[in-house]
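Work through the exercises below with the model open. Try each task before reading its solution.

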Amino acid sequence: MALLEVSNLDVRFALRQGEVRALRDVSFTLDRGERLGIVGESGAGKSVAAFTLLNLIAKPGYIADGSIRFEGNDLARMSARELRRVRGNRISMIFQDPMMTLNPVLSIGEQMVESLKAHRRISTREARAIALHKLKQVYIPSPETRLDQYPHELSGGMRQRIIIAIALLLDPDIIVADEPTTALDVTIQAEIMTLLRELCEKHNVGLVLITHDLGVVSQMTQRTLVMYAGRVIEQGPTREIINDAQHPYTQGLLNALPQMTTPGSRLNQIPGSMPSLANTPSGCAFHPRCQYRYDASGEPRRDCLEEVPEFVTSGNCDVACHMVRDMLAKEAS
Amino acid sequence: MNAVATQASPATASQTHAGAESLLEIRGLYKHFPLADGFLEQLHFEKGRLVRRNEQVHAINGVDLTVHRGEALCVVGESGCGKSTVARLVMGLLSPSAGEISYDGQRIDNMRGKQLLPYRQRMQMIFQNPYASLNPRMTIQQTLEEPLRFHHPDWTTPQVQDKVADVMASVGIDPEWGKRFGHEFSGGQRQRIAIARALAVDPEFIVADEPISALDVSIQAQVLNLLMDAQAERHLTYLFITHDLAVVEHFGTRVAVMYLGTVCELADTRSLFARPKHPYTQALLSAIPRLEDDRPEHVRLSGEVPTPVHLPSGCVFHGRCPHVMERCRQEVPQLIVTDDGNQVACHAVEEGRI
């Protein structure tokens, strides 16, 4: 059994203008020590997916259907008290903006001790020793001084390293990281990513990495989930997805990267933009932007327009696309 | 301290770009921002005495750059390296603390008001955040008409409207959008409108400050294509500010790498990516998250960018450089011209150590 098993997750936001479906039928698993990437553009639902993993969806949002089984227990149906035992302790989270995550009026040490004492019955002295040890693990220079400093005294890269130290504080089984380096510079990003990967490997911690950067996913993860308009449209081993993407959207996303074309030539762009979740197109949500939405005679394909594509297996990947399904069927016959 | 660099730049220009005509020249540019503006803010209480301290942020510390007509000069660097300040100084949105900026042979940094007006039409700027750069109380039509009416007060209304329709078509904006307001559009569409506004007055030179950073990957490609098409059709010259090296590799003719307010390497794009010389450029290039599995080993830098309030002595990069030696801590390296005609400011390169 997988450590984390998400099945048929359906998350909705009840807004005045009507119900917005942020996640539809999202399923995936994470094994112990596995690193999974969730990629997509803004509005794809990847951050909602991250928040849902810890049942952090606040009103007007709610989990309409599906389950999030962590070691067999469904997080979607736990009481607040039971959830508190999991959050931060077994599954911890790293958010995008380190300044927003750290409490500006508490010193780094106080914040670390606070979360240790919330989960374990230990003295402040013991908690400080653990905090110090964790700061050393993330290569913070002069950790003793840092414990008594406040977040505003530290640089962005340093803050994000402290966030990682806090995420590791209680030796969790899974870390969920939502765009952990988007606010940072490239050289700092590279450092933080290398650090995160090394620590996950060393302590056998599972990682769910939410990002819009396919390069980061390629460097960091073993498996990748591509999301579009609230649905998973392709998932499989990262290398296979990067080298041989099947879904037209994943292909388009990869081909749009400047590094995939000869310098100076036109980039391969995907026309249009991500639909709003309040108003997703019928059938396959990608069909208005898809170059394969016409059949051989040039007519729009009815199935793309009307039916939500089911997953088909191509190689080691699961792809939700009518065109890919037809291609596989042709190959088989 | 810039004597060497000042001599070096024109030499390179004639070597690598024989016949390339320079459009914009920046010489010995400095920009300092005072940390405390008012007199009272400068007063500090120290050891029982009241002292006046006037600290400054050294944003730009001696930059020499030449932009050739028809090229896309990319300025890259991490946050706080002064790349946006260079853009703003060039556009006259800030005035330099020292140094000269000349446009088409004419010094413009000391011009004010009316004198600058013809240059404002020839140079336009595209900003990073299309959510902030469009006036929320103006319709798109009004936004696009405003620069035309300002620079061509003699034009009739039909003339202005024709021009707006023209420029909308050229960036792929539906003329129907004219009646709507900025907030009704997505980020990519807004950036198209911002580009249309810059192109409306037929400029020859565009300063683009991180024009695609706020956009999604699939939209970035659309906007980058638009900028490249506009360059081909209108023979534009770009000064392109960005932190995204993949975009630079694709878009730039030449690249200037900046670190803490100085240019540490200036080279044509292909040779910079093939053979980066400055240790900082090498680290920067190795840090790009690549799709390929077999990428070069990541050059790890120790420490972080120092604050521009108290600049390090000698080479500004010495605190993080893997090739640091005593000379680097004391002497500021000048841009030297290497055998392939590019420029690099590094003692180690000069001495042939790396």
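**Exercise 1. An annotated span**

How far apart do the end C-alpha atoms of residues 6-254 of chain A lie, and what percentage of the span is helix and what percentage strand?

Solution. Note at the outset that this is a predicted model. Start with the record: the unreviewed UniProt entry annotates residues 6-254 of chain A as "domain: ABC transporter". Next, take the two end C-alpha atoms of that span; they lie 27 Å apart. Finally, assign the secondary structure: 41% of the span is helix and 27% is strand.

**Exercise 2. Chain dimensions**

Compare the radius of gyration of each chain with the globule rule.

Solution. Take chain A. Its secondary structure comes to 13 helices and 12 strands. For 333 residues, a compact globule would have a radius of gyration near 20 Å. Chain A has 21 Å, so the value agrees. Along the principal axes, its C-alpha atoms fill a box of roughly 75 × 50 × 40 Å.

Now chain B. Here there are 12 helices and 14 strands. The rule gives 20 Å for 354 residues, and the radius of gyration of chain B is 22 Å. That is close, so chain B is as compact as a globular protein of that length. Its C-alpha trace spans about 70 × 60 × 40 Å along the principal axes.

**Exercise 3. A helix pair**

Describe how helices H7(A) and H8(A) pack.

Solution. Two packed helices are described by the angle between their axes and the distance between the axes. Locate the pair: H7(A) covers residues 156-168 and H8(A) covers residues 186-203. The angle is about 15°, and the axes are 10 Å apart. Angles under 35 degrees count as roughly parallel, so H7(A) and H8(A) are roughly parallel to each other. The crossing is right-handed.

Then list the contact residues.

- H7(A) contributes Gly156(A), Gly157(A), Gln160(A), Arg161(A), Ile164(A) and Leu168(A).
- H8(A) contributes Ile188(A), Glu191(A), Ile192(A), Leu195(A), Leu196(A) and Leu199(A).

Last, sort them by class: 7 are nonpolar, 3 polar and 2 charged.

**Exercise 4. Between the chains**

Which element gives the most to the side of chain B that touches chain A?

Solution. Count both sides: the contact takes 31 residues from chain B and 35 residues from chain A. On the chain B side, the elements giving two or more residues are H7 (217-234), H8 (245-251) and H10 (279-286) of chain B. H7(B) gives the most, with 8 residues. By class, the chain B side divides into 14 nonpolar, 10 polar and 7 charged residues.

How values were computed. Residues are numbered from 1 along each chain as its sequence is written. Chains are lettered from A and ligands numbered from 1 in the order in which they are written. This is a predicted model: local features need pLDDT of at least 70, side-chain atom pairs count only at pLDDT 80 or more; totals for chains, interfaces and linings use all residues. Axes are lines fitted to C-alpha atoms, for helices over the stretch in contact, and angles run from 0 to 180 degrees between N-to-C directions. Helices (H or I, at least four residues) and strands (E, at least two) are DSSP runs, numbered from the N terminus. Angles under 35 degrees count as roughly parallel, over 145 as roughly antiparallel, 65 to 115 as roughly perpendicular and the rest as oblique. A crossing is left-handed if the near helix is turned anticlockwise from the far one by less than a right angle, and right-handed if clockwise. Two residues are in contact if their C-beta atoms, placed from the backbone, lie within 7 Å. Ala, Val, Leu, Ile, Met, Phe, Trp, Tyr, Cys and Pro count as nonpolar, Asp, Glu, Lys and Arg as charged, and the others, Gly among them, as polar. UniProt positions are given in the numbering used here, feature names are shortened, and annotations may be inferred rather than shown by experiment. The radius of gyration is taken over C-alpha atoms; the globule rule is 2.2 Å times the number of residues to the power 0.38.
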